[in-house]
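This briefing covers the packing of nonpolar side chains in one chain of a predicted model, followed by an outline of another chain. Please keep the structure open while reading.

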Amino acid sequence: MAFTLYSLIQAAILCVNAIAVLHEDRFLSKVGWGADQGIGGFGDEPGIKSQLLNLVRSVRTVMRVPLIIVNSVCIVLLLLFG
Amino acid sequence: MLSRSSSYKLLKSCSLLSRIPFIFVDLATKPRVRTAHPAGKPLLFEDTSSLSPPMATQGYYVGGAERGDHHLFRDPMASAAVMYGSSLAFQGKNVVNKEISRFVSVSKLKYFFAVDTTYVLKKLLLLLFPYAHQDWEVRYHRDTPLTPRDDVNAPDLYIPSMAFLTYILLAGMALGIQGRFSPEVLGLCASSALVWVVMEVVALALALYLLTVHSDLSTFDLLAYSGYKYVGMIVTMVGGLMFGRNGYFLSLAWASCSFMYFIVCSLRVKILSSLSTDSMGPGASAKPQLRLYITMTIAVFQPIVIYWLTSHLVR
């Protein structure tokens with residue numbers, strides 16, 4: 001398996017895009033992964049599910065604007081250079 | 001280097017810019033404040049891990065400006081242009097330093113490169129034969145961890161980066177022996193190994209975050225520990241190149257076992273020791289097992305990576 005740095009960047013962009021398209025109300029709440037369903041017992045260590053939901057929500061909040069920029073740049077470059 | 005009195009006379013004889021270099025000369029010749037080195041061993045190079053950067057850059061910047069000044073002072077316009085240009089470069093360098101230090105904290109990185117020869121030798125011996133070592137705790141000195149220079153158990157980034165470069169060169173040599181060498185293959189091998197390291201560090205950090213293991217392992221620590229396997233890879237490849245297939249598997253077994261033992265011992269101290277600070281509750285009984293599983297998974301994953309990255313080079 002010959003990985004190049006370019007394939008790493010591609011994989012990273014695709015993964016972050018995949019996390020960013022998970023809509024809060026339309027999808028995550030229906031599955032049971034909404035923002036309010038993650039908070040388990042207080043005073044105890046948060047479990048894996050709440051950590052995961054926290055991660056998804058924070059990635060969506062933080063990476064929204066940079067993803068717009070990066071995706072636009074990718075689209076332009078792929079259109080121009082194939 | 002000019003002494004203080006002779007440099008004063010030289011600057012006074014030039015009318016145009018004599019006042020500004022005065023301040024810089026004072027800063028350059030003042031003795032630098034240095035935190036006391038605990039062990040007192042003789043250092044081969046200057047210890048910059050505790051120096052403040054602005055003092056160092058100003059001292060070096062002035063040296064060049066001073067030596068060039070007394071040639072150009074006959075033409076005041078040229079000397080003015082030189083001073084203006086060098087002040088612009090100085091500002092540019094400051095801006096670059098500030099931007100870089102926003103992403104990568106340079107002082108934290110300097111901690112990982114504060115090594116010396118005895119530390120490197122002891123650490124390499126430890127990586128290949130860790131069974132005799134008793135005490136795996138990282139010692140602290142007033143709340144900050146000791147630099148690798150003073151403590152064999154401290155992680156560093158010098159050995160992983162040097163081992164990585166050696167691995168790339170060895171891979172090139174191995175491919176040349178098989179007759180499959182070309183310069184592109186070298187770059188491909190380098191980026192492939194780098195991608196594996198990045199993926200492993202990301203997976204480790206993600207696992208530690210998701211399972212709420214509150215250890216003091218920073219990203220650089222994880223990078224250091226996963227970079228240590230390159231030493232094992234080099235030993236494996238040398239064994240394979242010198243002694244053929246049997247030698248390859250023998251050195252692979254030896255390097256894998258030692259490195260697994262090393263990783264389990266080092267990470268056990270860091271991951272499982274944070275148990276004592278957590279509040280004991282009903283959920284705590286599941287935690288020691290989880291942490292043990294993490295450590296074991298990391299350990300088992302190493303020989304796989306070592307085999308994957310070296311087997312295609314040794315036929």
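Beyond its neighbours within four places in sequence, Y230(B) is in contact with five residues: A163(B), F164(B), Y167(B), A193(B) and V197(B). Y230(B) also belongs to the largest nonpolar core, where Y230(B), Y167(B), Y228(B) and F262(B) touch the most other members. The model is predicted.

**Largest nonpolar core**
- This core holds 51 residues.
- Six helices of chain B each supply at least two of its residues: α6 (117-128), α7 (158-178), α8 (183-210), α9 (219-227), α10 (229-271) and α11 (286-310).
- The largest share comes from α10(B), with 13 residues.
- In soluble globular proteins, nonpolar side chains tend to be buried together.

**Second core**
- A separate core of six residues is also present.
- Among the members of this second core are F112(B), V138(B), A154(B) and L157(B).

**Chain A: fold**
- Chain A has four helices and zero strands, so that the order of elements from the N terminus reads α-α-α-α.
- Taking the contacts in chain A with a separation of 6 or more, 51% join residues 24 or more positions apart.

**Chain A: burial and surface**
- Chain A consists of 82 residues, of which 16% are buried.
- The area exposed by chain A is about 6,000 Å².
- Carbon and sulfur atoms supply 73% of that exposed area.

Conventions. Residues numbered from 1 in each chain as written. Chains lettered and ligands numbered in written order. Predicted model: local features only at pLDDT ≥ 70, side-chain atom pairs only at ≥ 80, totals over all residues. Heavy atoms only, no water. Core = buried A, V, L, I, M, F, W, Y, C linked by side-chain atoms within 4.5 Å. Buried < 20%, exposed > 50% of the residue type's maximum accessible area, 1.4 Å probe, protein only. Contact = heavy atoms within 4.5 Å. Areas by Shrake-Rupley, 256 points an atom, 1.4 Å probe, with all protein chains shown as cover.
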